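Me: Please take a close look at the pockets of this model. I want the linings, with cut-offs stated.

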Amino acid sequence: MTATVAPPEAEPATEPPVHRPSVRKRLIPYWLLLPGILWLLVFFVLPMVYQASTSVQTGSLEEGFRVTWHFQTYWDALTEYYPQFLRSLAYAGTATVLCLLLGYPLAYLIAFRAGRWRNLVLVLVIAPFFTSFLIRTLAWKTILADGGPVVAVLNKTGFLDVTSWLGITQGDRVLATPLAVVCGLTYNFLPFMILPLYTSLERIDTRLHEAAGDLYAHPATTFRKVTFPLSMPGVVSGTLLTFIPASGDYVNAELLGSTDTRMIGNVIQSQYLRILDYPTAAALSFILMAIVLIMVTIYIRRAGTEDLV
């Protein structure tokens, strides 16, 4: 009989060593974030803390201000200037809706119909940014001047009769009325609506439109069922980028409006630079920020946070 030789036992497999990154490499992302964190700390957090302390101070410019935790300033500011708050939200909301109605067709045209002219149209959209915000607003004083051609055409067509009946103009005048302020807001913030809409529309695969046509969908149905839902990220972003700065704007109301069209931004500016009531101005700023934050939170929850991606 031949003896059978047992096969050698297999050596246990050894796992390859795990190379853990060094502490220095793991800290690299945090070092890259450090400049941004410092910027936000110095130019956002610290000013907010200072403004919060200012809002609960009492005193005068001659005697000096000191922190006394006087929260009554918030209630007094809200009850005294609530018409300006409501007016600001109404003007900003109207301008946002107008920007959406004007900007969506233009963004759609650039994304799907502009062809080789796309870059040129995009340059024309952002061209106003090369001019000062103040100069662009002052230009609207000339456009809406009482003896100008725009007002003459609006008067001949009967448009001013309708707007006067609605209470947004006064007789044959457009300047120093709510309509002038809303027009200025709409013009100045329109690019902030167009660019996010274009970015969202440009990502839509055109084959989806072709598939909807193959299924005998009417163009209006294709837009309602395909295009508009897929462009909701741009709608949400554009409305936020338009409404938030418009609600705190004061330049348009100052240059194109009157004392009857003052927005809350004009009140804050007056409290800071003219009346020198710093606690009231700081309280108004925090109230406006809180109102806008609540409205934006509700809007995002209704629209879906995934639409901001």
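Reply: What follows covers the two pockets in turn. This is a predicted model, where local features need pLDDT of at least 70, side-chain atom pairs count only at pLDDT 80 or more, and totals for chains, interfaces and linings use all residues. Residues are numbered from 1 along each chain as its sequence is written, and side-chain values use heavy atoms, with hydrogens and water left out.

The largest pocket holds about 290 Å³ of space. A pocket here is an open set of points on a 1 Å grid over the protein atoms alone, where a 1.4 Å probe fits, with protein on both sides within 12 Å along at least five of seven lines; lining residues have an atom within 4 Å of a point. Volume is the space filled by probe spheres set on the points, which are joined across faces, edges and corners.

Lining this pocket are 14 residues; Met-48, Ser-285, Phe-286, Leu-288 and Met-289 sit closest to its centre. Helix H2 (28-55), H11 and H14 each give two or more residues to the lining. H14 supplies the largest share, eight residues. Helices are DSSP runs (H or I, at least four residues), numbered from the N terminus. By class, the lining has ten nonpolar, four polar and no charged residues. Ala, Val, Leu, Ile, Met, Phe, Trp, Tyr, Cys and Pro count as nonpolar, Asp, Glu, Lys and Arg as charged, and the others, Gly among them, as polar.

Now the second largest pocket, at about 210 Å³. Of its 15 lining residues, Ile-168, Pro-178, Leu-179, Val-182 and Cys-183 are closest to the centre. At least two lining residues come from each of H3, helix H6 (149-156), helix H7 (159-166) and H8. This lining has 13 nonpolar, two polar and no charged residues.
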